[in-house]
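Please look over the sequence and the model below before reading on. The paragraphs that follow take up a pocket, the nonpolar interior and a few individual elements in turn.

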Amino acid sequence: MEAVQRAVGGTAVVKAARGASLFGEHAAGWLAIGAIGALADRRRRREWLTATAGVALAHGVSIGVKRVVRRPRPHDPRVQVLVGTPSRLSFPSAHATSTTAAAVLFGALVHKPLVPLLVPPMAASRLVLGVHYPSDVLAGSLLGAAVAVATRRWGATRRGTR
């Protein structure tokens with residue numbers, strides 16, 4: 001984390017990381033995109049709402065895991081914390097969880113591979129900002145992917161397709 005901050009500190013990367021952090025706080029940006037998708041794509045409104053519910057569920061599950069694990073955020077004098085956080089708990093990264101869920105679920109709806117476009121920048125932003133360990137973002141991404149897959153299977157079962 002110290003090396004990451006040394007490499008990009010004081011640059012536009014930090015500003016972008018702060019923007020990503022704000023967008024992903026409480027999954028709000030992803031939930032807004034899901035709501036817009038549901039409003040704009042009337043034919044697939046149910047699918048957009050299911051996907052958006054999956055993003056909300058992923059975020060909620062990550063918060064639940066945080067409260068059980070209770071791993072504190074990084075605290076090292078060599079690493080600067082460059083953004084405020086809603087709690088002192090670190091594992092898993094809720095930003096990585098909800099971003100991965102959104103990338104998987106919304107990517108399926110728009111028929112685009114969103115995971116490689118969205119997940120690495122959000123995961124890296126958490127390290128740049130000094131608020132998560134690498135294992136936090138990796139676990140968050142895996143958790144988000146698992147919830148997204150479960151949501152897709154549940155949605156397909158409800159529609160009577162597989």
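How do the residues of the lining of the second largest pocket divide into nonpolar, polar and charged? In this predicted model, the lining divides into four nonpolar, five polar and five charged residues. The second largest pocket has a volume of about 240 Å³, and among the 14 residues that line it, His26, Ile63, Lys66, Pro86 and Ser87 lie nearest its centre. Two elements, α4 (45–69) and α5, each give two or more residues to the lining of this pocket, and the largest share, four residues, comes from α4.

From the pocket we can turn to the interior. In soluble globular proteins, nonpolar side chains tend to be buried together. Here the largest nonpolar core has 19 residues, and those with the most contacts inside it are Trp30, Val55, Leu105 and Phe106. The elements that give two or more residues to this core are α3, α4, α5, α6 and α7, with α5 supplying the largest share, six residues. Val55 shows how such contacts look from one position: leaving aside residues up to four places away in sequence, Val55 touches Ala27, Trp30, Leu31, Ser98, Ala101, Ala102, Leu105 and Phe106. Three of the names on that list, Trp30, Leu105 and Phe106, are also named with Val55 among the residues with the most contacts inside the core. A second, separate core has seven residues, including Val14, Ala17, Leu82 and Val131.

Helix α6, one of the contributors to the largest core, covers residues 115–128, and its 14 residues reach 20 Å from the first C-alpha to the last, close to the 20 Å expected at 1.5 Å a residue. Within α6, the buried residues are Val119, Met122, Ala123, Ser125, Arg126, Leu127 and Val128, a list in which Ser125 and Arg126 stand beside nonpolar residues. These buried residues of α6 pack against α1 (2–8), α2 (12–24), α3 (28–40), α5 (94–110) and α7 (134–159). After α6 comes Gly130, whose phi is positive, near 75°.

Helix α3, which also gives two or more residues to the largest core, holds Ala32. Is Ala32 buried, partly exposed or exposed? Ala32 counts as partly exposed because its relative accessibility is 36%, which falls between the limits of 20% for buried and 50% for exposed. Along the chain, Ala32 and Thr52 are 20 residues apart, and their C-alpha atoms are separated by 8.7 Å.

Terms used:
Residues are numbered from 1 along each chain as its sequence is written. This is a predicted model: local features need pLDDT of at least 70, side-chain atom pairs count only at pLDDT 80 or more; totals for chains, interfaces and linings use all residues. Side-chain values use heavy atoms; hydrogens and water are left out. The expected span of a helix is 1.5 Å times one less than its number of residues. Buried means under 20% relative accessible area, exposed over 50%, partly exposed in between (1.4 Å probe, protein chains only). Contact means heavy atoms within 4.5 Å. On a 1 Å grid over the protein atoms alone, a cavity is a set of points where a 1.4 Å probe fits but cannot get out, and a pocket is an open set with protein on both sides within 12 Å along at least five of seven lines; lining residues have an atom within 4 Å of a point. Grid points are joined across faces, edges and corners, and a volume is the space filled by probe spheres set on the points. A nonpolar core is a set of buried Ala, Val, Leu, Ile, Met, Phe, Trp, Tyr and Cys residues joined through side-chain atoms within 4.5 Å.
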